[in-house]
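Colleague: I would like to learn how to read a model like this. Can we take the features in turn, beginning with the ligand?

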Amino acid sequence: MIFENAEEAAGYVRSILDFEPQVGIVLGTGLGNLVSEIEIEREIPYKNIPHFSLTTVEGHSGKLILGHLSGKRVIGLAGRFHYYEGRTMQEVTFPIRVLKLLGVELLIISNAAGSTNAKIGVGDLVFIRDHINFHAENPLRGENEDRFGPRFPDMLNTYSKRLNDNAMSIAKSLKIKAHTGVYFGLSGPSLETPAEYRMINILGGDVVGMSTVPEVIVAQHMGMEIFVVSVATNKCFPIKLIRPTTLDEVIEVANSAEPKLTAIVKKMLSEL
Ligand code: HPA
């Protein structure tokens with residue numbers, strides 16, 4: 001059923017604009033302004049697209065953006081779905097299925113995340129090289145849809161090494177502070193306790209957040225190339241540096257890091 005629904009959604013998008021996107025971009029918290037860099041051909045509100053649920057979280061407006069960025073045909077997801085909103089894993093990842101059916105081969109995801117690595121400071125960028133799925137669920141649970149991918153997708157080379165290397169050299173050339181790291185994904189919506197942040201550090205998580213992992217699993221299932229960048233918005237390790245975190249702060253830091261992220265993504269795409 002998910003395949004047929006995704007085909008229907010993709011068919012609707014194609015009926016609005018005959019445009020085969022090469023690159024999909026998930027515009028995460030506070031990073032929605034990357035949109036202003038896209039030469040937009042068409043915007044499609046999610047509410048018009050069959051089977052797309054509506055966004056609810058502050059800062060997520062909910063539309064597909066089709067256009068060009070650095071000479072590439074891109075499709076942006078302005079507004080994403082989170083598991084903590086009470087949606088199912090299938091709903092959260094549905095847009096990624098649609099992107100694939102529209103022709104997207106490369107998926108770029110941005111997110112805001114807490115830093116559980118003492119070396120990663122507030123405002124730093126982290127190119128994700130691996131993840132730990134701490135959601136109690138997996139979006140691929142249930143009958144496998146072979147038309148999307150295999151029952152047991154391999155996760156060894158999930159994150160594109162060539163794009164991480166490229167992003168790191170661009171960051172160096174632009175004097176942008178960046179790291180590579182492991183994204184620790186969990187469900188939220190409560191933030192973590194100090195003991196949990198410490199656990200995440202011990203288990204090998206460099207940043208922690210409530211999104212991305214479901215989308216990445218589904219994208220890997222469908223054989224997409226994946227590039228994920230986190231903006232570290234709050235310090236979570238060592239424990240003595242933890243301060244109360246508010247959504248406003250997270251959005252503010254993510255917004256102020258946005259020009260760095262935009263510069264890297266634009267250059268990266270221009271070199272593809
Ligand atoms: N924990 C989980 N998700 C987050 C955080 C955090 O500290 N900061 C931004 N997103």
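Modeller: Start with polar contacts. This is a predicted model, and a polar contact here is a pair of N or O atoms within 3.5 Å. A backbone N or O atom of alanine 112 lies 3.5 Å from a nitrogen atom of the ligand. For glycine 114, a backbone N or O atom is 3.3 Å from a ligand nitrogen.

Colleague: Which side chain has a polar atom 2.7 Å from an oxygen atom of the ligand?

Modeller: That of tyrosine 197. Now look at cover. Taken alone, the ligand exposes 260 Å². The protein buries 94% of that area.

Colleague: Which residues are around the ligand?

Modeller: Read them along the chain. Ala112, Ala113 and Gly114 are in the shell. So are Leu191, Glu192 and Tyr197. Val208, Gly209 and Met210 are there too. Thr233, Asn234 and Cys236 complete the list.

Colleague: Which strands supply at least two residues each to that shell?

Modeller: Strand E5 (106–115), strand E8 (207–209) and strand E9 (225–235) do. E5 gives the largest share, three residues.

Colleague: How does the shell divide by class?

Modeller: Seven residues are nonpolar, four are polar and one is charged.

Colleague: Next, empty space. What is the general idea?

Modeller: Rolling a probe the size of a water molecule over the atoms shows where empty space is left. A cavity is a space where the probe fits but cannot get out, whereas a pocket is open.

Colleague: How many cavities of 30 Å³ or more are there?

Modeller: One. About 50 Å³ of space lies in the largest cavity. Among its lining residues are Val26, Tyr46, Leu77, Phe81 and Glu215. Gly79 and Arg80 also line this cavity, as do Val92, Pro95 and Ile96.

Colleague: Which helix gives the most to that lining?

Modeller: Helix H2 (residues 89–102), with three residues. By class, the cavity lining has seven nonpolar, one polar and two charged residues.

Colleague: How much space lies in the second largest pocket?

Modeller: About 240 Å³. Its lining has 16 residues. Closest to the pocket centre are Ile2, Arg97, Glu143, Asn144 and Glu145. Helix H1 (2–16) and H2 each give two or more residues to this lining.

Colleague: Which element has the largest share there?

Modeller: H2, with four residues. So helix H2 helps line this pocket and also the largest cavity, by the lining rule of an atom within 4 Å of a grid point. The pocket lining divides into seven nonpolar, five polar and four charged residues.

Colleague: Now the backbone. What should I expect before I look for exceptions?

Modeller: Most residues other than glycine have a negative phi, and most peptide bonds are trans.

Colleague: Which peptide bonds here are cis?

Modeller: One runs from glycine 188 to proline 189, with omega near 0°. Proline 189 sits in the loop between strand E7 (178–185) and helix H4 (194–203). Another joins phenylalanine 237 to proline 238, with omega near -5°. Proline 238 is in the loop between E9 and helix H6 (247–270).

Colleague: What about phi at serine 70?

Modeller: Serine 70 is not a glycine, yet has a positive phi of about 50°. Find serine 70 in the loop between strand E3 (63–69) and strand E4 (72–78).

Colleague: Last, the whole chain. How many helices and strands are there?

Modeller: Six helices and nine strands. The radius of gyration of the chain is 17 Å, and the globule rule gives 19 Å for 272 residues. These values are close, so the chain is as compact as a globular protein of that length. Along its principal axes, the C-alpha trace spans about 55 × 40 × 35 Å.

Terms used:
Residues numbered from 1 in each chain as written. Predicted model: local features only at pLDDT ≥ 70, side-chain atom pairs only at ≥ 80, totals over all residues. Heavy atoms only, no water. 1 Å grid on protein atoms, 1.4 Å probe; cavity = no way out; pocket = protein on both sides within 12 Å on 5 of 7 lines; lining within 4 Å. Points joined across faces, edges and corners; volume = space filled by probe spheres on them. Nonpolar A, V, L, I, M, F, W, Y, C, P; charged D, E, K, R; others polar. Near = heavy atom within 4 Å. Polar contact = N/O pair within 3.5 Å; in protein donor to acceptor, adjacent residues only side chain to side chain. Areas by Shrake-Rupley, 256 points an atom, 1.4 Å probe, with all protein chains shown as cover. Rg over C-alpha atoms; globule rule 2.2 N^0.38 Å.
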